[in-house]
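Please load the model in your viewer, show it as a cartoon, and keep a selection panel at hand. The tour goes from the whole chain to single side chains and back out again.

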Amino acid sequence: MKSMVWHPEEKDQKVNQYLEQTNHAPYQSIVLLLLAGVCLFTFIALFALV
């Protein structure tokens with residue numbers, strides 16, 4: 001059987017750098033979508049009462 005001790009491989013550093021650069025949550029898009037949803041809801045609610 002193989003040893004269960006993990007040893008870093010050559011490609012691990014490149015993979016980690018790639019993940020650091022690209023793997024982020026799109027907070028700006030989420031906030032903009034929520035804001036657009038609130039504005040749309042407000043618009044519909046205001047004109048539904050007219």
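How many helices and how many strands does the secondary structure of the protein chain come to? With the whole chain selected, the count is two helices and zero strands, where helices (H or I, at least four residues) and strands (E, at least two) are DSSP runs numbered from the N terminus. The radius of gyration, taken over C-alpha atoms, is 24 Å, well over the 10 Å that the globule rule gives for 50 residues, so the chain is more spread out than a compact globule; that rule is 2.2 Å times the number of residues to the power 0.38. Along its principal axes, the C-alpha trace spans about 75 × 25 × 10 Å.

This is a predicted model, in which local features need pLDDT of at least 70 and side-chain atom pairs count only at pLDDT 80 or more, while totals for chains, interfaces and linings use all residues. Residues are numbered from 1 along each chain as its sequence is written, and side-chain values use heavy atoms, with hydrogens and water left out.

Next, colour the chain by accessibility, with buried meaning under 20% relative accessible area, exposed over 50%, and partly exposed in between (1.4 Å probe, protein chains only). Buried residues make up 2% of the 50 residues in the chain.

Select Val5, which lies in the segment before α1 and is exposed, with a relative accessible area of 53%. From Val5 to Ala45, 40 residues away in sequence, the C-alpha to C-alpha distance is 61 Å.

Move on to Glu10 in helix α1 (residues 10-22), which is exposed at a relative accessible area of 79%. A C-alpha distance drawn from Glu10 to His24, 14 residues along the chain, reads 24 Å.

Now select helix α2 (residues 27-48). At 1.5 Å a residue its 22 residues should span 32 Å, and its end C-alpha atoms are 31 Å apart, which agrees; the expected span is 1.5 Å times one less than the number of residues. Of these 22 residues the number buried is zero, so α2 lies largely in the open.

Within α2, show the side chains of Phe43 and Phe47, which are four residues apart, about one turn of the helix. A search of the whole structure finds one aromatic pair: the ring centres of Phe43 and Phe47 are 4.7 Å apart and their planes are at 50 degrees, so the pair is tilted. Rings of Phe, Tyr and Trp (its six-membered ring) pair if their centres lie within 6.5 Å, with planes under 30 degrees apart counted as stacked, over 60 as edge-to-face and the rest as tilted. Phe47 counts as exposed, at 54% relative accessibility.
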